[in-house]
Amino acid sequence: MALGLLLLAVVLWNGWAERHPQQERDLRVQLQEELEDRFPEAMQPDADRYGIFPRVAGAGQQRPLRVLLVHGLDEPGSIWADLEPALGAAGFDAWEFRYPNDQGIDRSADLLAARWPDLPADRPLVLIGHSMGGLVIRDFVSRWRHPAAEPPRVEGAAVRGVILAGTPNQGSDWARLRVLLEPRDQWAAGRQSGFSPLAGLQDGTGAAKIDLQPGSAFLAELNARPWPQAVDVRIIGGLLLASAPALGDGVVAMDALRVSRAPPPILVTASHRGMLARLFESDGEPPAIPVILTLLEELGGSE
């Protein structure tokens with residue numbers, strides 16, 4: 001009986017949420033704020049887990065650009081394992097921004113703005129985002145660091161350009177299934193910093209999956225916002241099946257990659273994650289990596 005009532009409640013909630021996504025988002029944000037008020041210490045983002053961290057120092061002659069990497073939704077941390085050494089070998093200093101990725105994307109951009117002064121400011125940066133990380137980057141650049149026709153809201157290193165790899169600029173229906181990826185993310189986090197009863201909620205209450213859905217209020221506002229002319233955008237997309245190009249990388253459809261003021265996407269034959277990370281150690285270099293190195297040169301990495 002109890003199980004039946006629980007299943008009925010889940011079905012009714014999902015049905016209501018599908019019809020009222022913004023109200024669902026408001027409830028999720030309210031829950032997170034309530035938890036932060038009631039349990040401030042437990043809900044405080046772990047400084048060892050979230051923030052901006054140096055990852056690799058460039059070998060050889062100093063490059064005129066640095067690189068900041070921004071991961072996507074429910075990413076346990078291994079997405080950059082192949083790119084980081086390639087960046088270092090090419091002479092680029094690379095940093096990574098890690099954040100509570102289940103919270104609203106705007107909150108993640110706010111956290112990036114708060115931690116931006118942690119970066120050295122003597123050289124500009126290229127920001128590289130995978131999946132949702134690209135949306136965090138777009139929100140931060142256009143709202144905080146280089147808002148069009150407005151003074152910066154945060155000082156520090158300038159942004160020379162952004163590279164969006166597999167970013168759902170127009171949304172992805174797969175965001176509804178984020179709950180399937182959450183255990184992987186929390187397992188990796190628990191191994192790193194220890195398990196906590198509130199660990200899953202410290203990472204956010206699920207507002208991000210609503211922001212990621214096609215037609216969301218967040219995406220509508222972000223895509224309508226002016227982009228700074230001084231910051232170049234490059235897009236990389238995955239092609240999982242040559243016979244079905246509309247499917248894109250299996251998570252982000254081809255049409256979802258598009259964004260104004262950007263050249264057409266550069267396509268690589270790969271899955272959403274496989275464009276940047278090997279599935280097996282014996283696999284060859286992920287195909288987006290040489291593309292990224294070429295784009296960094298175009299964006300001023302060899303000046």
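Trainee: What makes E221 and R225 count as a salt bridge?

Mentor: The term asks for a side-chain nitrogen of Lys or Arg within 4 Å of a carboxyl oxygen of Asp or Glu, and the closest N and O atoms of E221 and R225 are 2.4 Å apart, so the pair meets the definition. Salt bridges that share partners then join E221 and R225 with D110, D139 and R143 into one network. Please keep in mind that this is a predicted model, in which local features need pLDDT of at least 70 and side-chain atom pairs count only at pLDDT 80 or more, while totals for chains, interfaces and linings use all residues. Residues are numbered from 1 along each chain as its sequence is written, and side-chain values use heavy atoms, with hydrogens and water left out.

Trainee: Why is R225 called buried, when E221 is called partly exposed?

Mentor: Buried means under 20% relative accessible area, exposed means over 50%, and partly exposed lies in between (1.4 Å probe, protein chains only). R225 has 17% and is therefore buried, whereas E221, with 41%, is partly exposed. By that cut-off, buried residues make up 50% of the 303 residues in the protein.

Trainee: How do you know that R55 and E96 form a salt bridge, and which parts of the chain does the pair tie together?

Mentor: The closest N and O atoms of R55 and E96 are 2.8 Å apart, which makes them one such pair. R55 lies in strand β1 (residues 51-56) and E96 in strand β3 (residues 93-98), so the pair ties together parts that are 41 residues apart in sequence. Helices (H or I, at least four residues) and strands (E, at least two) are DSSP runs, numbered from the N terminus, and by this rule the protein has 11 helices and seven strands. As for cover, R55 has a relative accessible area of 37% and is partly exposed, while E96, at 2%, counts as buried.

Trainee: What makes D110 and R143 a pair of this kind, and where do they lie?

Mentor: Their closest N and O atoms are 2.8 Å apart, so D110 and R143 satisfy the salt-bridge rule. D110 lies in helix α5 (residues 105-115) and R143 in helix α6, so this pair ties together parts that are 33 residues apart in sequence. The structure holds 13 salt bridges.

Trainee: Why is D249 said to have no salt bridge?

Mentor: Lys and Arg count as positive and Asp and Glu as negative, whereas His and the chain ends are not counted. The nearest side chain of opposite charge to the buried D249 is R273, and R273 is 12 Å away. D249, which lies in the loop between β6 and β7, does have a polar atom of its side chain 2.6 Å from the backbone nitrogen of V252. A polar contact is a pair of N or O atoms within 3.5 Å; within protein, one must be able to donate a hydrogen and the other to accept it, and residues adjacent in sequence count only if both atoms are side-chain atoms.

Trainee: How do you know that D211 is buried, and what does it touch?

Mentor: D211 is buried because its relative accessible area is 1%, and its place is in helix α9 (residues 207-211). Taking contact as heavy atoms within 4.5 Å, D211 touches R25, G104, I105, S216, F218 and L219, not counting residues up to four places away in sequence. A polar atom of the D211 side chain also lies 3.0 Å from the backbone nitrogen of I105.

Trainee: What makes the phi of A149 worth pointing out?

Mentor: Most residues other than glycine have a negative phi. The phi of A149 is near 60°, a positive value in a residue other than glycine. A149 is found in the loop between α6 (132-145) and β5 (159-165) and is exposed, with a relative accessible area of 88%. R261 likewise is not a glycine and has a positive phi of about 65°, but R261 is partly exposed, at 43%.

Trainee: Why are L240, L241 and L247 called a nonpolar surface patch?

Mentor: Patches are made of residues with over 30% relative accessible area and no salt bridge, where like charges are joined within 9 Å and nonpolar side chains (Val, Leu, Ile, Met, Phe, Trp, Tyr) within 5 Å. L240, for example, has 41% relative accessibility, and so counts as partly exposed. L240, L241 and L247 make a patch of about 270 Å².

How values were computed
Areas by Shrake-Rupley, 256 points an atom, 1.4 Å probe, with all protein chains shown as cover.
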